[in-house]
Amino acid sequence: MVCDMYDVAIIGAGICGASAAYFLAQRKLKICVIEKENDVAMGTTKANSAIVHAGYDPKPGTLMARFNVRGAALIKELAAKLSVPYQQIGSLVLAFDDADLKLIHKLYERGVQNGVPGLQILSAEETLAKEPNLNPTVQGSLYAPTAGIVAPWELCIALCEVAAQNGCEFKLDSEVTAIENRQDHFVITTVNEKIEAKYIVNAAGVFADKICAMAGECDFTIHPSKGQYYLLDKNQGDLVRHVVFQCPTALGKGVLVSPTVEGNLIVGPNAELDNQRDDVATTRAGLDYVAATAAKTTTKINYRENVRNFSGLRAVSDKDDFIIGPAAFSPRFINVAGIKSPGLTAAPAIGEYVAELLENSGLKAEKKESYIDIRKHIVFNRLTAEEKKKLIKENPAYGNVICRCNTVTEGEILQALRSPLPPRTLDGVKRRAGTGMGRCQGGFCSPRVHEIISRELGIPFEAVELDRKGSRIVIRDMNKEDRNV
Amino acid sequence: MFEYDLAVIGGGPAGLAAALSAYENGIQKIVILERDVELGGILNQCIHNGFGLHRFGEELTGPEYAQRFIDRLKDTAITVMLGTMVLELTSDKTITCVNKTEGLFTISAKAVILAMGCRERNRGPIGMPGDRGSGIFSAGCAQRYINIDGYMVGSRVVILGSGDIGLIMARRMTLEGAKVLAVAEIMPHSNGLNRNIVQCLNDFGIPLYLSHTVTEVVGRSRLEKVVISQVDSNFKPIPGTEKEFECDTLLLSVGLIPENELSRKAGVPIDPRTNGAVVYDDMQTETDGIFACGNVLHVHDLVDFVSAESEKAGRNAAEYIKNGCKPTDKTGAVVIQNGNGVSYTVPQKAVLSRVEKGLEIFFRVRQKSEKSVIEVKNNDRVIAAFKRDFLAPGEMEKITIPKKLLEGCEGTITVSVGGAK
């Protein structure tokens with residue numbers, strides 16, 4: 001039994017669980033990540049604003065402030081090391097009246113206290129010079145040069161892949177149903193097996209309170225807040241060049257307008273409090289609110305160029321701050337809960353801190369000498385002409401364009417399917433290779449990606465799923481039917 | 001670097017007809033660049049009949065229609081590059097392509113014909129809210145799964161949009177054993193051909209809900225339910241008119257968009273009415289030596305007209321090359337506008353001095369009407385009128401204005417529907 005004992009079981013393969021796995025895998029520890037979905041990055045991580053916040057927003061002294069500023073610096077480092085798209089494009093918080101102007105000055109001061117570098121208050125003219133497409137009634141703005149944009153699911157996947165390369169086990173499709181707290185370890189029951197682990201990191205996102213309550217008494221509750229978005233075609237992507245916020249309210253940072261690392265334009269989110277934990281449907285009312293609110297920032301968004309709407313759940317808790325630390329019932333159960341905005345930005349710093357916390361709780365382990373801290377990831381579209389030529393010569397699959405909207409080649413799809421954590425679904429390939437993410441939304445490439453997944457992984461064509469469990473795309477193989485009846 | 005007289009981008013019906021026509025008009029060095037692994041374009045998945053009635057006087061399937069053109073290539077010196085994706089086109093007619101055998105390479109051409117076709121509008125541009133599970137397909141994507149790959153996509157089906165692909169798929173799904181519960185159309189009329197309404201819906205008892213749209217999509221993993229609602233004259237859903245359908249499949253047939261990303265990058269001016277290039281009577285765009293035809297120029301209902309239009313483009317591209325690629329004299333070109341009741345015209349401009357027998361204008365009307373008159377004005381003067389028994393937005397119209405009626409015309413020519421009832 002003891003030899004099967006994990007040192008640490010991380011529950012949840014979102015950005016927080018992935019960051020914890022990444023840092024823990026650097027040590028000589030036996031670790032696993034337990035995830036209820038069929039892929040990593042399946043919850044809040046894949047449906048958010050994709051922003052790296054500078055850190056002027058959280059109250060000084062909070063965990064949110066601390067990990068935001070550290071996280072923003074870490075993401076920059078990690079993105080470069082792990083080939084994750086990231087651009088430090090800076091952000092603006094717009095002021096439209098005197099109250100807003102007061103607020104941006106307050107944010108400026110907060111930012112300085114939090115240690116955010118380079119903050120500036122801009123006049124209306126300076127703001128419009130940076131962003132000519134903004135509503136001309138803008139009175140000024142707070143400029144934060146360290147803010148940026150990132151591909152959140154790619155960051156999560158990259159962290160997981162590196163952890164996996166270094167021995168971390170991933171148990172997907174493994175919903176946790178019970179946790180038993182024994183004297184010196186836990187027994188975790190999943191739908192598939194029983195897992196023993198000395199320590200647990202609870203990074204279960206909107207389900208973190210449920211998971212915590214399985215192991216002992218939980219002193220917090222999660223109240224998911226739904227946010228809905230528009231994602232517009234690349235021809236709208238240069239409407240703004242920075243992440244453009246309006247002034248924050250009690251509900252959050254409000255509706256933003258920003259380019260994405262793929263070159264699209266993202267607009268959203270709204271905030272719908274106390275949402276169901278499994279409801280990520282968009283609604284007419286929610287989307288209309290987003291569009292109407294964004295019109296204050298700019299009236300130039302052409303919604304006919306919308307390629308996709310989506311919504312995600314923020315893991316808002318009943319506490320004001322992130323909940324990070326040992327549970328009251330056990331120093332060996334570390335909660336990483338209530339990770340609302342700026343959670344994505346903070347996640348790597350949270351992961352780093354979780355490793356420290358575990359050490360403080362008695363989990364001492366040396367660093368591995370041979371930690372593979374690199375991820376090679378080819379994106380055909382970003383290569384120079386010479387690099388493309390060389391690549392196709394070496395591997396002709398890179399000369400076969402499958403996704404025409406985003407110029408994604410068969411080579412990149414195979415790269416994803418042969419990665420340390422290969423996806424098994426169309427959307428899993430999409431999140432790694434970018435297929436079907438363009439303006440035709442997979443209308444042309446879906447059947448072709450589908451065929452490659454089936455061929456490469458040996459899954460029957462009709463068993464390939466779109467995304468989560470139960471999302472088969474076709475229902476029947478007509479090739480096997482007798483057509484002469 | 002490869003050099004050709006003419007590069008045709010796209011090997012569907014438009015590209016095939018254009019290349020063949022240019023060849024027959026004396027151009028030898030022609031290349032067809034096709035991203036798919038075979039020629040024929042979307043016709044390959046259109047296995048129903050009805051193609052070629054105008055052109056061949058018989059009812060062919062899509063692949064049969066395409067094959068008639070593909071067969072003619074054998075007797076030519078036209079080069080075909082399959083599996084070849086064009087990544088970039090510049091206004092000086094340099095084309096950057098990629099494929100598995102040549103890798104990344106460029107082609108320099110004296111003239112280029114844009115024949116890239118169109119793509120389906122999907123859920124995004126119509127802003128359809130709800131869950132995002134599987135079972136929601138654009139109609140053409142489902143058609144490919146069924147007709148090319150041989151996999152059935154669902155058993156209980158709702159279709160949004162009554163364009164031709166949606167209608168054809170209603171019948172196709174029914175024939176493969178699915179139950180098509182409803183076809184919802186936001187407009188008060190169908191945008192499909194009348195013959196398709198009769199043969200694909202009425203003959204199978206499939207209900208068509210006009211002035212209806214999808215207002216809710218339920219099913220986080222696979223689609224479970226679709227709600228449709230009636231819309232008012234501003235296309236806003238009317239509360240209380242909801243109808244629920246338990247289904248596992250929703251097909252979207254909500255319009256086609258010419259794929260002009262390459263054209264835009266090359267600086268070719270685009271007409272916002274058609275989403276295709278602005279062209280002259282010779283099918284040449286505003287960019288010298290770049291021609292356009294087929295669904296990349298404007299969305300057609302009948303492939304027969306695509307072929308005819310593309311042959312015109314091929315013939316004129318051949319003339320352009322044979323004349324030494326001299327910039328076309330566009331002085332005195334008239335602008336062709338849509339007037340009352342007309343949504344667009346192709347071409348958008350014409351040099352009347354070179355018109356031989358008459359000026360052909362293709363256009364679409366905005367609404368259904370009977371016993372109508374199509375009126376053509378030069379500035380404020382009526383120069384021609386054409387009677388039509390029946391007009392509908394789903395059926396592209398064509399008029400030919402005889403050369404002698406065009407004498408002395410300058411400025412603008414306006415096409416409008418008069419006498420609509």
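Author: Let us start with a term: two residues are in contact if their C-beta atoms, placed from the backbone, lie within 7 Å. By that rule, the contact between the two chains takes 45 residues from chain A and 37 residues from chain B. This is a predicted model, where local features need pLDDT of at least 70 and side-chain atom pairs count only at pLDDT 80 or more, while totals for chains, interfaces and linings use all residues. Residues are numbered from 1 along each chain as its sequence is written, and chains are lettered from A and ligands numbered from 1 in the order in which they are written.

Reader: What makes up the side of chain A that touches chain B?

Author: Ala, Val, Leu, Ile, Met, Phe, Trp, Tyr, Cys and Pro count as nonpolar, Asp, Glu, Lys and Arg as charged, and the others, Gly among them, as polar. Sorted this way, that side divides into 18 nonpolar, 13 polar and 14 charged residues.

Reader: How do you know that β22(A) pairs with β11 of chain B?

Author: Strands are DSSP runs of E with at least two residues, and helices are runs of H or I with at least four, numbered from the N terminus. Two strands pair if DSSP finds at least two bridges between them. Two bridges join β22(A) to β11 (residues 151–152) of chain B, so these strands meet the rule, and they run antiparallel. Within this pair, R476(A) stands opposite M152(B).

Reader: Why are β3 and β4 of chain A said to stand at the edges?

Author: Three strands form an open antiparallel sheet in the order β3-β8-β4 of chain A. β3 and β4 (86–87) each have a single partner strand, so one side of each is left without a neighbour in the sheet. As for β3(A) and β8(A), two bridges link them in the antiparallel sense, with I51(A) opposite I149(A).

Reader: And what holds paired strands together in general?

Author: Strands of a sheet pair through backbone hydrogen bonds, either parallel or antiparallel.

Reader: Why is G118(A) called exposed?

Author: A residue is buried if 20 or more other C-beta atoms lie within 10 Å of its own, exposed if 12 or fewer, and partly exposed in between, with C-beta atoms placed from the backbone. G118(A) has 12 C-beta neighbours inside 10 Å, so it counts as exposed.

Reader: Where does G118(A) lie, and which residues does it contact?

Author: You will find G118(A) in the loop between α3 (98–114) and β6 (120–123) of chain A. Leaving aside neighbours within four places in sequence, G118(A) is in contact with P145(A) and T146(A).
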